[in-house]
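Me: Here is a structure I would like to go through. Please keep the answers brisk.

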Number of protein chains: 2
Amino acid sequence: MKEIAIGIDLGGTNCRVGIVSPKGKILKQEIFPIGRDRSPKSIINILKNAVTTVREYESTRVRGIGIGAPGIVDFENGIIIRSPHYPGWHNFKLRDELSKAVKLPVILDNDANIIAAGELWKGAGKGLKNFIMVTLGTGIGGGIVIDGRVFHGDFGFAGEIGHQIIQFDGETCDCGGRGCWENYVSIGGLRWLIVGDERFNGDIEKVTPRNLFELAKEGDIFASAIWKKFGAYLGAGLASLANVTGILSFVIGGGISGAWDFFITETKKEFGRRTYKETAERAVIKRAELGDSAGIIGAVSSVLS
Amino acid sequence: MKEIAIGIDLGGTNCRVGIVSPKGKILKQEIFPIGRDRSPKSIINILKNAVTTVREYESTRVRGIGIGAPGIVDFENGIIIRSPHYPGWHNFKLRDELSKAVKLPVILDNDANIIAAGELWKGAGKGLKNFIMVTLGTGIGGGIVIDGRVFHGDFGFAGEIGHQIIQFDGETCDCGGRGCWENYVSIGGLRWLIVGDERFNGDIEKVTPRNLFELAKEGDIFASAIWKKFGAYLGAGLASLANVTGILSFVIGGGISGAWDFFITETKKEFGRRTYKETAERAVIKRAELGDSAGIIGAVSSVLS
């Protein structure tokens, strides 16, 4: 009998829920807002309603639910240990509570890992044995694929690549450390790089990847220079990951990757400067293909396989 | 029938060759110097003679040879792509040439990987599912163990952890990059940290881990401070590795690890500062157990298993 699965990509302000066919096709998807009340109980209610809503679109039997959530996820036990977007969550047993609420099996993973799983199954990672998924946005999300499967590390903590240290004595980071990669390669990083431009001084919040992208497109030399600097930091971090893991394929996604043409040349150059020739020659740095759908598709990939 | 294997740990100035029992016991080992002539042909001759010499100690049948060599090793194909200690080597088919010379099957791996394999089989890594082996010496050697096996990455390049970037704008490194971890956490790193101490100024070559260790033991506050700084850089790099890989066990070996008591407290503190509480709580940082024998034991582990 044909079966479908429901994929949920839980973000900081809303959750994206979709019905996915066994072949990885999204049959229907919808976005549900997360309100002010962010308690575990309230989230379970929102998710339950969302699942009920999308189930009505398809009468096919639902095999299960795959959900990705932001934060440190204990993959084995289906627990969110903590989440930057949900400060009240500590050891929240999201998997089991959702499963009980909707009476379906649930698989919980980190949001960056489901994106990696999605690109692996249906996107830019198809056919790659090993690759590292890098999602550029508010921070850097990471998912490590080894031997065609997402690698979770000892407790499911693998892939916090945004917190590799790139500058020992650098800026302090939300994680408590300093000089983390995502302080340079992110929306905040762009703002940090831009300090000094009079057009933005005093109103740094005006700087968005979008307007920096537009400025660069109009030929603004300063904006182009910022993207190059951004690209160099990206390339240095990728080089560091390649040197450590020996994984030489990278799939780059996330909102900021839209400015690809303005940073990728510098990214590849910097990667070459910081790796052996033999590493750089073999490296593949490519764009993600699934956009915002990667999470939903990836979330169900282990449910359906 | 009982069989033995021969393990070879090829270094920059000599090679250590040993006969190992199927249980991982070294029955006999000997050190052979590498002379001035470092051509592939000369090395094959030295290795051939070394193997012939140690074979005479045991009449048991030899199942095969495991060899670890410094440099970038293409594990699958048994080729040394390049080696810092042997500048003349490029794509040297060490595995097949040695195999032909001694008429035995040969497995070639990177020198840091065989140390990891040794500690995994008979040392501090015993029973660990995942761990990262860190060898502190002239540089930093690294071996990544995943699911009880050394992980090689896409082309066998995995584990070049000494070239994770720790300071984006840091000192230039032999690899061509800059700010690599091993510029701070190594013999050269100790010298770099010490710049400013009048006792050494003008003769920085006098600084060795040994005399810094002796000074610290005598209660020299400055030497102690250097070891603490060294420990902090070590801890930051381990934190970075933990964040990226989610592997939370580390086995630390190599000559400099002898000064353990003078740096480890700071290493653990810095690790804690740069990881989430949940990561730091679960992390295990322990000393290697096999010393100089790790390589030989590890080299044969895949031959005997």
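The questions below cover one strand, then aromatic pairs, then charges over rings.

Reply: This is a predicted model, where local features need pLDDT of at least 70, side-chain atom pairs count only at pLDDT 80 or more, and totals for chains, interfaces and linings use all residues. Residues are numbered from 1 along each chain as its sequence is written, chains are lettered from A and ligands numbered from 1 in the order in which they are written, and side-chain values use heavy atoms, with hydrogens and water left out.

Me: How many of the six residues of strand β9 (residues 131-136) of chain A are buried?

Reply: Strands (E, at least two residues) and helices (H or I, at least four) are DSSP runs, numbered from the N terminus. Buried means under 20% relative accessible area, exposed over 50%, and partly exposed in between, with a 1.4 Å probe and protein chains only. A:F131, A:M133 and A:T135 point one way from β9(A), A:I132, A:V134 and A:L136 the other way, and all are buried. β9(A) is largely enclosed by the rest of the structure because the buried count is six of the six.

Me: Which residue in β10(A) is the bridge partner of A:F131?

Reply: Two strands pair if DSSP finds at least two bridges between them. β9(A) and strand β10 (residues 140-146) of chain A run antiparallel, joined by six bridges. A hairpin connects them through three residues. The partner of A:F131 is A:V145.

Me: Which residue in β12(A) stands opposite A:T135?

Reply: Strand β12 (residues 249-253) of chain A runs parallel to β9(A), with four bridges between them. Opposite A:T135 stands A:G253.

Me: Why does the pair of A:F213 and A:F262 count as edge-to-face or stacked?

Reply: Rings of Phe, Tyr and Trp (its six-membered ring) pair if their centres lie within 6.5 Å; planes under 30 degrees apart are stacked, over 60 edge-to-face, the rest tilted. The whole structure holds 26 aromatic pairs over all chains. In this one the centres are 5.7 Å apart and the planes at 75 degrees, so the pair is edge-to-face.

Me: How many residues apart in sequence are the parts that this pair ties together?

Reply: A:F213 lies in helix α5 (residues 209-217) of chain A. A:F262 lies in helix α7 (residues 260-273) of chain A, so the separation is 49 residues.

Me: Which residue has its charged end over the ring of A:F155?

Reply: A charge sits over a ring if NZ of Lys or CZ of Arg is within 6 Å of the ring centre and within 35 degrees of the ring normal. At 5.1 Å from the centre of A:F155 sits the charged end of B:R282.
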